[in-house]
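Biologist: Please go through this model with me. I will ask how each label was reached, and I would like the value set against the cut-off.

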Amino acid sequence: MEDKEIIQLYFARNERAIEETAKKYKNYCVRIALNILSSVEDAEECVNDTFLGAWRAIPPKSPAKLSSFLGRITRNIALDKYDYHTAKKRGKEFETILDELNDCLSSSDNVESRYEEEQMAEAISQFLKALKEDHRNIFVRRYWYSDSMTDIASRFSISESKTKSVLFRTRKKLQTHLKKEGYSV
């Protein structure tokens with residue numbers, strides 16, 4: 001079933017929308033959640049919450065790209081669950097991914113303003129658009145989808161060493177770009 005048809009089912013409040021969404025996007029959403037949480041049970045729970053979130057959000061929202069819409073919901077739910085589980089303990093794979101980006105992105109615990117966050121997100125978007133396609137895809141696979149180095153290397157038919165090198169250089173370029181844009185990193 002096409003995404004437009006699935007979205008029409010949501011607008012008609014037809015429960016079949018969730019079934020069709022699950023058929024088409026369950027594995028995609030599980031993969032995103034599993035990369036963050038490293039627990040099949042937690043990932044499955046996140047995906048169920050994703051489908052409920054989609055049910056509540058559509059309508060009024062009408063996503064242009066259903067996969068991205070579901071991916072974002074899944075990622076946000078998984079990150080919330082990750083924060084909950086790691087409030088007292090650390091050491092999962094995802095913590096490593098966050099640490100890798102730590103030098104590039106400044107963070108303020110007091111959340112100065114939503115506007116500044118949006119501006120930084122736009123600066124990062126511009127940076128990613130300027131990258132070579134393969135480097136951009138490697139970066140996104142690591143820091144959006146939370147793929148392991150091994151999975152990325154396999155997906156792009158390169159060595160893990162090259163994967164690490166591309167990511168390291170890209171983070172350094174991002175750091176330089178953000179400094180040029182006026183962000184303290």
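Biologist: Where is Ser-67 found, and why does Ser-67 count as buried?

Modeller: Ser-67 is found in helix α4. The model is a predicted one. Ser-67 has a relative accessibility of 14%, and buried means under 20%, so Ser-67 counts as buried.

Biologist: Which residues does Ser-67 touch, not counting those up to four places away in sequence?

Modeller: They are Asp-3, Tyr-25 and Tyr-28. Tyr-25 and Tyr-28 also appear among the α2 residues that meet α4.

Biologist: How do α2 and α4 pack, and at what angle?

Modeller: Helix α2, residues 16-37, packs against helix α4, residues 66-85, at an angle of about 35°. Their axes are 9 Å apart, and the crossing is right-handed. On the α2 side the contact includes Thr-21, Cys-29, Ile-32 and Leu-37; on the α4 side it includes Leu-66, Leu-70, Thr-74 and Tyr-82. By class, this contact of α2 with α4 has 12 nonpolar, 5 polar and 2 charged residues.

Biologist: Which residues of the largest nonpolar core touch the most other members?

Modeller: That core has 25 residues, and the ones in question are Tyr-10, Leu-37, Ile-58, Leu-66, Phe-69, Leu-70 and Ala-78. Helices α1 (3-11), α2, α3 (40-57) and α4 each supply at least two residues of this core. Another core, of 16 residues, lies apart from it; Leu-128, Met-149, Leu-167 and Tyr-183 are among its members.

Biologist: What is Tyr-10 in contact with, leaving aside its neighbours within four places in sequence?

Modeller: Tyr-10 is in contact with Ala-17, Ile-18, Thr-21, Ala-54, Trp-55, Ile-58 and Pro-59.

Biologist: Ile-58 and Pro-59 come up there. What kind of peptide bond joins Ile-58 and Pro-59?

Modeller: A cis peptide bond, with omega of about -20°. Pro-59 and Pro-60 are also joined by a cis peptide bond, where omega is about 15°. Pro-59 lies in the loop between α3 and α4, and Pro-60 is found in that loop as well. Most peptide bonds are trans.

Biologist: How does the length of α3 compare with what is expected?

Modeller: Helix α3 has 18 residues and reaches 25 Å from its first C-alpha to its last, which is close to the 26 Å expected at 1.5 Å a residue. Its buried residues include Asp-42, Cys-46, Val-47, Phe-51 and Trp-55. The buried residues of α3 pack against α1, α2 and α4.

Biologist: How do you know that the span of α9 agrees with its number of residues?

Modeller: Helix α9 runs over residues 160-180, which is 21 residues. At 1.5 Å a residue they should span 30 Å, and the end C-alpha atoms are 30 Å apart, so the two agree. Among the buried residues of α9 are Val-166, Leu-167, Thr-170, Arg-171, Leu-174 and Leu-178. Just after α9, Gly-182 takes a positive phi of about 95°.

Biologist: Gly-182 is a glycine. What is the phi of Ser-38, and why does Ser-38 count as partly exposed?

Modeller: Phi of Ser-38 is near 60°, a positive value in a residue other than glycine. Most residues other than glycine have a negative phi. Ser-38 is found in the loop between α2 and α3. Its relative accessibility is 47%; partly exposed covers the range between under 20% and over 50%, so Ser-38 counts as partly exposed.

Biologist: Ser-146 has a positive phi although it is not a glycine. Why does Ser-146 count as buried?

Modeller: Phi of Ser-146 is about 60°, and its place is in the loop between α7 (133-143) and α8 (149-156). The relative accessibility of Ser-146 is 2%, under the 20% cut-off, so Ser-146 counts as buried.

Biologist: What makes Asp-134 partly exposed, and how far is Asp-134 from Phe-156 in space?

Modeller: Asp-134 is in helix α7. Its relative accessible area is 38%; this is neither under 20% nor over 50%, so Asp-134 is partly exposed. Asp-134 and Phe-156 are 8.1 Å apart, C-alpha to C-alpha, and 22 residues apart in sequence.

Biologist: How many helices and strands are in the protein chain?

Modeller: There are 9 helices and 0 strands. Of the 185 residues of the protein chain, 40% count as buried.

Definitions and conventions. Residues numbered from 1 in each chain as written. Predicted model: local features only at pLDDT ≥ 70, side-chain atom pairs only at ≥ 80, totals over all residues. Heavy atoms only, no water. Helix = DSSP H or I, 4+ residues; strand = E, 2+ residues; numbered from the N terminus. Expected span 1.5 Å × (residues − 1). Buried < 20%, exposed > 50% of the residue type's maximum accessible area, 1.4 Å probe, protein only. Axes fitted to C-alpha atoms, helices over the stretch in contact; angles between N-to-C directions. Left-handed = near helix turned anticlockwise from the far one by under 90°. Contact = heavy atoms within 4.5 Å. Nonpolar A, V, L, I, M, F, W, Y, C, P; charged D, E, K, R; others polar. Core = buried A, V, L, I, M, F, W, Y, C linked by side-chain atoms within 4.5 Å.
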